[in-house]
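User: I'd like to go through the salt bridges of this model with you, asking for the reasoning each time. Shall we look at it together?

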Amino acid sequence: MVMLDIGPDHLRAGGDYSGPYGDVMGEQARLRTARKIAREHGLTVLESWPMQLIGVDCVIMAINDTRSVEAVAREISGLPGVAWSQPLNEYSMQGRTAPNARPAAGYNDRLFSAQPVAGRWRLASMHRIATGKGVTIAIVDSRIDTGHPDLVGKIAASPDFATGEQHQAERHGTGVAGIIAARPNNAMGIAGIAPGARVLGLRACWERPWGGATVCDSLSLAKALTYALENHADVINLSLTGPPDRLLQSLIELGLRRGITIVAAVDASRPAASFPAFVAGVIPVADGGLPAGSPSVYIAPGQDVPTTEPGGKWELVSGSSFAAAHVSGLAALLRELAGGQAHHVPAAAWLGPRGTIDACAAIARLSPLERGDCTQRP
């Protein structure tokens with residue numbers, strides 16, 4: 001990826017920006033620059049995407065010989081008009097599924113009593129205090145089944161920033177969305193943590209064929225993050241990990257400066273190497289069981305969690321992907337209660353110290369006693 005400087009005249013962030021270049025002359029000049037670089041350095045221009053929020057045009061180029069990506073990136077980074085160059089990195093979701101989730105007697109929703117948060121977080125009682133109303137959550141993930149009976153009408157927008165022509169709903173994104181937003185008290189399935197929130201389902205990831213891993217890349221994630229920033233997301237859920245990436249870090253840091261709560265999963269096999277979980281200000285989340293000596297993180301439910309599956313089904317899932325989804329939902333409840341303070345106080349201040357999250361204590365930090373007590377059993 002080659003990041004071309006747009007220039008100060010074009011550093012204009014706007015919610016109505018939807019992808020094309022803002023001016024023809026600027027577009028032509030940058031295209032000439034990209035083609036010149038490609039021609040002189042043995043590359044081919046494949047795709048470009050302007051990111052006015054951080055003042056660059058991201059141009060994807062293919063290497064026409066056997067040179068390494070890292071070597072070419074170093075070569076290109078020093079050229080006039082280039083802000084920087086980097087590899088197109090790949091990211092993987094941090095979750096796994098288990099077949100045959102069994103219905104359980106519950107609180108209206110058939111699987112409610114099987115949800116770890118039903119008892120541990122007193123979810124039904126928490127919903128008497130807050131549901132995430134007035135908060136926008138961006139789920140950056142694979143394609144969500146927006147027609148699922150537990151999610152119908154819950155996804156406000158679902159743009160596609162991933163490669164390929166996959167139009168089928170995908171398991172990982174659908175599972176994360178269910179934990180965050182599933183409709184409660186509809187006598188089926190589960191109850192989401194923040195069912196009152198407005199949800200943006202941003203497809204930046206895709207399932208590999210034949211039940212393979214769910215993956216994303218730098219460009220698809222950058223496009224989705226840009227959309228989330230431009231459309232005023234309050235919480236961004238990133239249930240994924242991968243290598244450090246300057247482009248993604250620039251967008252994440254911009255979001256944090258704007259007061260957005262960003263939640264990311266931790267890779268249990270390599271906790272310290274998890275990006276973007278340990279970008280300063282991001283909330284790192286795991287489902288427990290990290291090796292001794294791992295960095296301190298937030299621990300949330302993420303083992304044998306019932307959630308939504310494409311095709312109007314439900315399944316059991318495990319992994320830090322789904323622990324992160326729980327925390328994104330809780331963050332939405334806290335932002336609803338915080339009101340005008342939400343953009344000025346980091347969510348970590350309300351979540352409390354890192355370690356196992358005490359959701360009721362977090363709610364109590366913001367909720368007057370007369371509004372309810374989530375420590376009461378449902």
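User: Which residue forms a salt bridge with Arg-335?

Analyst: Happy to help! This is a predicted model, and in it the partner of Arg-335 is Asp-234, with the closest N and O atoms 3.8 Å apart. The cut-off is within 4 Å, so 3.8 Å qualifies as a salt bridge. Arg-335 lies in helix α8 and Asp-234 in the loop between α6 and β12, so the pair ties together parts that are 101 residues apart in sequence. Both residues, Arg-335 and Asp-234, are buried.

User: Why is the pair Arg-171 and Glu-315 called a salt bridge?

Analyst: Their closest N and O atoms are 2.2 Å apart; the rule asks for within 4 Å, so the pair counts. Arg-171 sits in helix α5 and Glu-315 in strand β18, so this contact joins parts 144 residues apart in sequence.

User: What makes Glu-315 buried and Arg-171 partly exposed?

Analyst: Glu-315 has 2% relative accessibility, and buried means under 20%, so the term fits. Arg-171 comes to 33%, which lies between 20% and 50% and is therefore partly exposed.

User: How do you know that Asp-160 and Arg-203 meet in a salt bridge?

Analyst: The N to O distance is 3.1 Å, and the limit is 4 Å, so they pass. Asp-160 is in the loop between β8 and α5, while Arg-203 is in strand β9, 43 residues apart. Asp-160 is partly exposed at 33%, whereas Arg-203 is buried at 2%.

User: Which residues are linked with these two in a network of salt bridges?

Analyst: Arg-143 and Glu-170 join Asp-160 and Arg-203 in that network. By this rule, the count comes to 12 salt bridges.

How values were computed:
Residues numbered from 1 in each chain as written. Predicted model: local features only at pLDDT ≥ 70, side-chain atom pairs only at ≥ 80, totals over all residues. Heavy atoms only, no water. Salt bridge = Lys/Arg side-chain N within 4 Å of Asp/Glu carboxyl O. Helix = DSSP H or I, 4+ residues; strand = E, 2+ residues; numbered from the N terminus. Buried < 20%, exposed > 50% of the residue type's maximum accessible area, 1.4 Å probe, protein only.
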